[in-house]
Amino acid sequence: MNSAARTNPSARAPVAAMRRFDAARLRALVLKESLQAIRDPSTLLIAFVLPTVLLFLFAYAVSLDVSKVRIGVVLESPSASAHTLAAAFTGTRYLDVTLAHDRRDVAEEIVSGRLRGFVVIPQDFERRLNGRSGQPLVQVITDGSQPNTANYVANYAQGVVQTWRAGLGADVPSTAVALNPRYWFNAELESRRSLVPGAIAIVMTIIGTMLTALVVAREWERGTMEAVLSTPASVVEILIGKLLPYFALGMLSTLGAAALAVFVFDVPLRGSLAALLLLSAVFMVPALGQGLLISSVTRNQFLAAQIALFSGFLPAFMLSGFLYEIDAMPAPIRAITWLIPARYFVSSLKTVFLAGDVWAAFVPNLLAMGVIGALLFLLAKRATRKNLEA
Amino acid sequence: MPVNGVSTVTEGVADSKAAVVIDSVTKRFGSVHALRGLTAHIHYGRLTGLVGPDGAGKTTLLRILTGLLVPDSGRVTVAGFDVVDDNDAIHVATGYMPQRFGLYEDLSVMENMRLYAQLRGMDAARNAGLFAELLDFTRLGPFTGRLAGKLSGGMKQKLGLACALMARPAVLLLDEPSVGVDPVSRRDLWRMVQALTDEGMAVVWSTAYLDEAERCDSVLLLNDGQLAYDGPPGELTARLEDRSFRLEEVGERRRAILAEALNLASIGDGVIQGAGVRVTLRADARAEEIQALADRTRARLAAVPPRFEDAFIDLLGGGPGGTSPLAERLPPVELASDIAVSCRNLTKRFGTFTATDNVSFDVRKGEIFGLLGPNGAGKSTTFKMLCGLLKPSHGEAHVVGLDLRRATGAAKAQLGYMAQKFSLYGLLSVRQNLEFSAGVYGLEGATRRVRIEEMIDTFRLAPWLSAAPNSLPLGFKQRLALACAVMHRPPVLFLDEPTSGVDPITRREFWTHINGLARKGVTVLVTTHFMDEAEYCDRVAMLYRARLIALDTPDALKRGAAAPPLADPTMEDAFIHLVESADLTDSNHGERAA
């Protein structure tokens, strides 16, 4: 159709088209992928709506804080001091106290789960208080089926009694050491503050691993990969052309999530924005690498989504220290967490939001994420061949 | 046909060297031998047809030529480059259009073209002129802003071709470019490819339609991974010279005559052609038997020019006999009325889109009634309303006198339905599929056992009983699907694209059954995209843009298209003629309204 481009089979193929890597081709692929991402409503849903919903969920619906725990206070002693102790219990904002005069009334409430425990101020409270016999002043009964809450109720009840007793005057022997706890980094001990930064890691995993796995598998499924593979574009160009737009999308989504965290959920950003972006960018390497590996192996959207869920999302959720503390896990599970890139990212995110730029902590985490990412990319590159051989 | 601004000089490159050299290539997928020691040459400046039934190895060969698959043994060079060692060069030298639409449906026509231009390393400055040429060439100019996913099947293929043509490949490889394309767009594609070969390009066009082979300069005929023939189609067809005949104007008796003819030892193949029966003699056989048959039935026996398909069937050793064991067992169908299926003002709207618009017709008992039309014309929608799978928005349909709106269940018990793509249960074995169908149609006890055994016997399914349907060869899948549809001996049979993707021998066997059933009084409604199969029908309803534009016998439809340049039009010519006149009427109406 163009005499300049006349078919000339004896000529060697043009040099430009033979190049393994060509910036113009990459640009064309990136443009194509971006157009597709923008036109596909599900991409935008996953990149922007899902993170917002997740952040709201973790910020408001999921709370690991113990506040307003419902307990009963059984006032068996009619004395004035017993009444002031009961008042001390009702006065605290961490407890929601139901007053009773017979322990049988509250015992049933524990069985039915309406109360988490109860404190008995016994009949001989006055005698015990004055007797200096060392006998315990009150009895605390808790619901052991919820161990965390049970511990909390027991400790807190003790604390209330001690504080009350200290307030009585010098004639009462004070305990050997007076505890005055300070919670660093999260002074109000609001779980939201540590959950929201962690949620950003979840969001990035979804975009990096899940979305990438899906879009590459989609090309195989729809047969568009066959057409692209038959052009001079190289595997590296095709894969980078896929990854760059999703890298950008992931970073945009991170910025959005961070803005939401700081301006809506009042999570402080004590570190620098640059550090946050650097950490996120490095985390995208293993996340994208994993997505790529999954899609290269499965070439099927449904399978890719399932594998991404089990190998990316769930570990990031449960084994990264986002929801459950790694130190509290059994040793074998703890060993596995070292393989989860999200683990390094969650801990860095918590640091950058709640503590500040602590490079001594960031550098090993960045290295770990980088190494895992490089490994995944290497595997993905090996799994992707420039042909249709399975 | 020269393209704008192109001279049709080949500058001596054609024939100087082979464009593709295939040397003893084998390829296996697990236990399946896709290619068995294939050796062939493909030349510049020629249109080479890669012809063969589905599963013959066409796609595998094309993928090897594009460097997308690696041969297990043997060597292939394309435009002088080895497909394995010079893989990168192959991608530059070839343009490839996969069987499945490989472009991005969520990108527009122009965006797809730009992407492929850049992937093929074309500089932006020159693109504008080339794009204009390609758009003009493909007649896609008015649709540059449309998303590729919203194009019709034909326009998609033309866009695919435009993208494969970027940067002027030396070798153009097209994998079944005419599948799902209506005859009008198909003619466009041929025109474009012809222009390209005139310029010296080597074009490979793979197809399962044997009539397309006749249009190629040269043909590689594949069957079961082996080369059955290599050369100009005319030479193969010439072997059948003086062996093709037609029994003219046998009308009502044509099915009986075909059955009888196919049972003659001297006859290798036979099909129905309108009111006539077309037969081919076996090699070295004489015309005495068929002449005797003609005399006995008082039909005129005329020698006709052979077709490529005749030659192909001959190459494979001839088609099946004329007796259908399925129909033999069937008692004649008795119906209260002579009208088996009827519809009045049938209309179906999906939102603002009208899929079927005011369609009315009657189908007589024992008639084979064809529904023809381009993709998206409303064939399937009409079909589904007639067998009670879709509720009409307006109008009514009756099957054996039962109103489909009121007595849906009773009407469905009177019909057998064979869905497109032979929808069988993949997780059930062949026997379980048969038992399931028997159960669904209420066959019980001894009847059920006997009928299932009959089906196994008739369709020779015994070796496959415990296999999964998806592991069956396509021909057996089709037999199983037909078995499931006819087991309860329905008086009316609905067949939706029953022969798509099936090799010509199996297609003939299938039509032997259908002809046999029709002779017993079973009414058959069939949709098909094989134009020659429309010839088996008593009458053909032509659907176009949701409306019924013609309803007549195949011969009458063909006569309507006869004009000076086309003395003996084919069914395809008739189809194109009808579609074009419908378009003309539409535009005239439009002008008058304006």
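The paragraphs below walk through a predicted model of chains A and B, from chain A to the contact between the chains and on to a sheet in chain B.

Chain A is a good place to begin. Its secondary structure amounts to 15 helices and 4 strands, and 38% of its 390 residues count as buried. Among the contacts in chain A with a separation of 6 or more, 80% are between residues 24 or more positions apart.

Strand S3 of chain A, residues 117–121, has pairings with two other strands. Strand S1 (residues 69–75) of chain A runs parallel to S3(A) and is joined to it by 5 bridges; within this pairing, Leu75(A) has Ile121(A) as its bridge partner. Strand S4 (residues 139–142) of chain A runs antiparallel to S3(A), with 4 bridges between them, and here Val119(A) is matched with Val140(A). S3(A) is also mostly covered, as 4 of its 5 residues are buried. In general, strands of a sheet pair through backbone hydrogen bonds, in either a parallel or an antiparallel manner.

Among the helices of chain A, H14 (residues 341–354) invites a simple check of geometry. At 1.5 Å a residue, its 14 residues should span 20 Å, and the end C-alpha atoms are indeed 20 Å apart, so expectation and model agree. Burial is the other notable feature of H14(A): 13 of its 14 residues are buried, and the helix is therefore largely enclosed by the rest of the structure. Just after H14(A) comes Gly356(A), which takes a positive phi of about 140°.

Helix H11 (residues 273–298) of chain A holds Leu292(A). This leucine counts as buried because it has 26 C-beta neighbours inside 10 Å, where 20 or more are required. Setting aside residues up to four places away in sequence, Leu292(A) touches Thr212(A), Val216(A), Leu239(A) and Ala380(A). By way of comparison along the chain, Leu314(A) is 22 residues from Leu292(A), and their C-alpha atoms are separated by 18 Å.

The nonpolar cores bring both chains into view. The largest nonpolar core has 156 residues, of which Ala201(A), Val78(B), Val171(B) and Val203(B) touch the most other members. Helix H8 (residues 191–222) of chain A gives the most to this core, contributing 17 residues. Beyond its neighbours within four places in sequence, Ala201(A) is in contact with Ala316(A), Ser320(A), Phe322(A), Ala342(A), Phe345(A), Val346(A) and Leu349(A). Another core, of 93 residues, lies apart from the largest one and includes Cys387(B), Ala541(B), Leu557(B) and Met571(B).

Where the two chains meet, 43 residues of chain B and 33 residues of chain A take part in the contact. On the side of chain B that touches chain A, the elements giving two or more residues are helix H2 (87–93), helix H3 (109–119) and helix H4 (124–138) of chain B. The residues on that side of chain B comprise 26 nonpolar, 8 polar and 9 charged.

Finally, chain B contains an open sheet of 4 strands in the order S16-S15-S18-S19, with antiparallel pairing. Strands S16 (353–364) and S19 (402–403) of chain B stand at the edges with a single partner strand each, so one side of each is left without a neighbour in the sheet. Between S15 (residues 339–350) of chain B and S16(B) there are 8 bridges, and Lys348(B) has Thr356(B) in S16(B) as its bridge partner. Helix H13 (residues 379–386) of chain B lies across S15, S16 and strand S18 (394–399) of chain B, at about 125° to S15(B).

Technical notes: Residues are numbered from 1 along each chain as its sequence is written. Chains are lettered from A and ligands numbered from 1 in the order in which they are written. This is a predicted model: local features need pLDDT of at least 70, side-chain atom pairs count only at pLDDT 80 or more; totals for chains, interfaces and linings use all residues. Two strands pair if DSSP finds at least two bridges between them. Two residues are in contact if their C-beta atoms, placed from the backbone, lie within 7 Å. Axes are lines fitted to C-alpha atoms, for helices over the stretch in contact, and angles run from 0 to 180 degrees between N-to-C directions. A residue is buried if 20 or more other C-beta atoms lie within 10 Å of its own, exposed if 12 or fewer, and partly exposed in between; C-beta atoms are placed from the backbone. Ala, Val, Leu, Ile, Met, Phe, Trp, Tyr, Cys and Pro count as nonpolar, Asp, Glu, Lys and Arg as charged, and the others, Gly among them, as polar. A nonpolar core is a set of buried Ala, Val, Leu, Ile, Met, Phe, Trp, Tyr and Cys residues joined through C-beta atoms within 7 Å. The expected span of a helix is 1.5 Å times one less than its number of residues.
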